[in-house]
Amino acid sequence: MTSLSLRFTLPLLPSKPRRSVIVAAQTAPPAEATVEAERLEPRVELRDGFYILKEKFRKGINPQEKVKIESEPMKLFMENGIEELAKKSMEEIDSEKLTKDDIDVRLKWLGLFHRRKHQYGKFMMRLKLPNGVTTSAQTRYLASVIRKYGEDGCADVTTRQNWQIRGVVLPDVPEILKGLASVGLTSLQSGMDNVRNPVGNPIAGIDPDEIVDTRPYNNLLSQFITANSLGNPEFSNLPRKWNVCVVGSHDLYEHPHINDLAYMPANKDGRLGFNLLVGGFFSAKRCEEAIPLDAWVPADDVVPLCKAVLEAFRDLGNRGNRQKIRMMWLIEELGIEGFRAEVEKRMPSGKLERESSEDLVNKQWERRDYFGVHPQKQEGLSYIGLHVPVGRLQADDMDELARLADTYGSGELRLTVEQNIIIPNVETSKTEALLQEPFLKNRFSPEPSILMKGLVACTGSQFCGQAIIETKLRALKVTEEVERLVAVPKPVRMHWTGCPNTCGQVQVADIGFMGCLTRGENGKPVEGADVYVGGRVGSDSHIGEIYKKGVPVTDLVPLVAEILVKEFGAVPRVREENED
């Protein structure tokens, strides 16, 4: 693989979603737009080490932009504002608009999300974990944090391949941030208008069939975006959140079609590099798949290209209606060639090569299952994929995972976007002993049932104030009941999300459930779900369509069984018994 020389300097300073099918490999870019020269004036300026929206562009901005103008969120970290904030009581904080906005909005720049609606005074903390790689020491530390919070303390594996921990209280935050740094973790710039966790192949570096090891690229991206966890104000004031992934396998575990920027491996003139997809996103009002930028960069330019795309989005993106300011809206406004030109002029060389025809992804590849025992590319070693039911773990679970990683592997764990965990680097001679561990005999099985293995669920109303329905326990219960009704011949991916923000990514699932309120038999409001069918991942990716709206959650089991029979070849278990 080509060397990863750095050609940049890390700064030391600071309605429902409509169906939209834009298949990255097949769909033409948006029509070119006519853009006036003044539209290309940057809307932000550097002031006292931080980017701020220029006064001339402040008309009609959204409330979150006003919060950023009133006080720079990154100062809570970079100038130790969190130390003083953590000394105040919640009553003191809520008595002033500035500090109330601190805990409800600005702390998201530190990865802290206040659960005002359901857990007043408690926070969820989201970490950065590039490529989903973590260690036993990091896992034990996180377990030690959540253990002190009793029933409120737990951890989730997220759909962006990282950890979220719950139950955190503000007075503990300064010490937790120091603890994270001591084990090589950070929560910095993981929420709000920042770059989210860089996603890659969960079996990168150990995959016998991998195209490229995605770990070094994602590590560089994460280090760049957070300035090695010191805080990077260059990219802390984006118009909205922004997702990035580096693809390293034919399986497309990374879900490139739903990222704002996706690096697709491709050779050009004997050089390894990446074709680029841009603009994929989900939101409450609109969902779009990424489209080709018609650009290729050599492997050494992964970070400079990311920087150029982020600068174009930061400088030119609108700051009005939050539902209309993800990067795809800017791409459509400028036209794909206009957007490409803005990226190109921000490249160090001022040039950007056109897309390569030597795409390295095998589009006929059948997506592999990572559960159970699999040989690594390293002779004598294996990796073991474990099911984590809807991604939820307690402190004791995390300690046990850390013990297993140390005892049988190299002390490393891998998280996946399907909310599961892989233990790599297990000596093949030790795999049988690992499989006999009690921990793997109960909830965390290497051989989950056929429907459980594809089950994903967002936080739901247990902790999230935006969620309309409870998701995690309900997803498990519905799946268990459906498995008693039908036998499914192959895995079916079922995703649950508590609200239209679709953190559970229901549109890419075979069957998706989006929480809503609907009418029950007595006409009164009850928890329900809009049911999606037909989402696909991989080279033939596309977004699913609404199958049925407003289904009461009490009616989901027979409906799901019906869908599985009609669409996925399931067989009613009653028929199986009669045939026997």
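Tyrosine 253 is buried in this predicted model, with a relative accessible area of 2%, and tyrosine 370 is likewise buried, at 4%. A pair of aromatic rings is described by the distance of the centres and the angle of the planes. Seven aromatic pairs are counted in the model, and in one of them the rings of tyrosine 253 and tyrosine 370 have centres 6.0 Å apart and planes at 65°; because an angle over 60 degrees counts as edge-to-face, this pair is classed as edge-to-face. Tyrosine 253 belongs to the loop between β8 (244–246) and β9 (261–268), whereas tyrosine 370 belongs to the loop between β14 (358–359) and β15 (372–375), so the contact ties together parts that are 117 residues apart in sequence.

The rings of tryptophan 496 and phenylalanine 513 are arranged in another way: their centres lie 4.4 Å apart and their planes meet at 25°, so this pair is stacked. Tryptophan 496 sits in strand β22 (residues 494–497) and phenylalanine 513 in strand β23, which places the two partners 17 residues apart, and both of them are buried. Elsewhere, ring pairs link Tyr217, Tyr263 and Phe274 into a cluster.

Strand β23, which carries phenylalanine 513, also leads into a set of antiparallel pairings. Residues 511–519 of β23 pair with residues 525–533 of β24 over nine bridges, in the antiparallel sense, and within this pairing isoleucine 511 stands opposite valine 533. The hairpin that these two strands form has five residues between the strands, and glycine 523 there takes a positive phi near 85°. Strand β24 is in turn joined by five bridges to β25 (residues 545–552), again running antiparallel, with alanine 529 opposite valine 551.

A further sheet is open and consists of five strands in the order β3-β4-β7-β6-β17, with antiparallel pairing. Its edges are taken by β3 (112–114) and β17 (392–393), each of which has a single partner strand, so one side of each is left without a neighbour in the sheet. At the β3 edge, three bridges connect β3 with the antiparallel strand β4 (residues 122–126), and phenylalanine 113 faces methionine 124 of β4 across this pairing.

Aromatic rings also meet charged side chains in this model. The charged end of arginine 286 sits over the ring of tryptophan 329, at 4.4 Å from its centre, while arginine 314 lies over the face of tyrosine 51, 3.9 Å from the ring centre.

How values were computed: Residues are numbered from 1 along each chain as its sequence is written. This is a predicted model: local features need pLDDT of at least 70, side-chain atom pairs count only at pLDDT 80 or more; totals for chains, interfaces and linings use all residues. Side-chain values use heavy atoms; hydrogens and water are left out. Two strands pair if DSSP finds at least two bridges between them. Helices (H or I, at least four residues) and strands (E, at least two) are DSSP runs, numbered from the N terminus. Rings of Phe, Tyr and Trp (its six-membered ring) pair if their centres lie within 6.5 Å; planes under 30 degrees apart count as stacked, over 60 as edge-to-face and the rest as tilted. Buried means under 20% relative accessible area, exposed over 50%, partly exposed in between (1.4 Å probe, protein chains only). A charge sits over a ring if NZ of Lys or CZ of Arg is within 6 Å of the ring centre and within 35 degrees of the ring normal.
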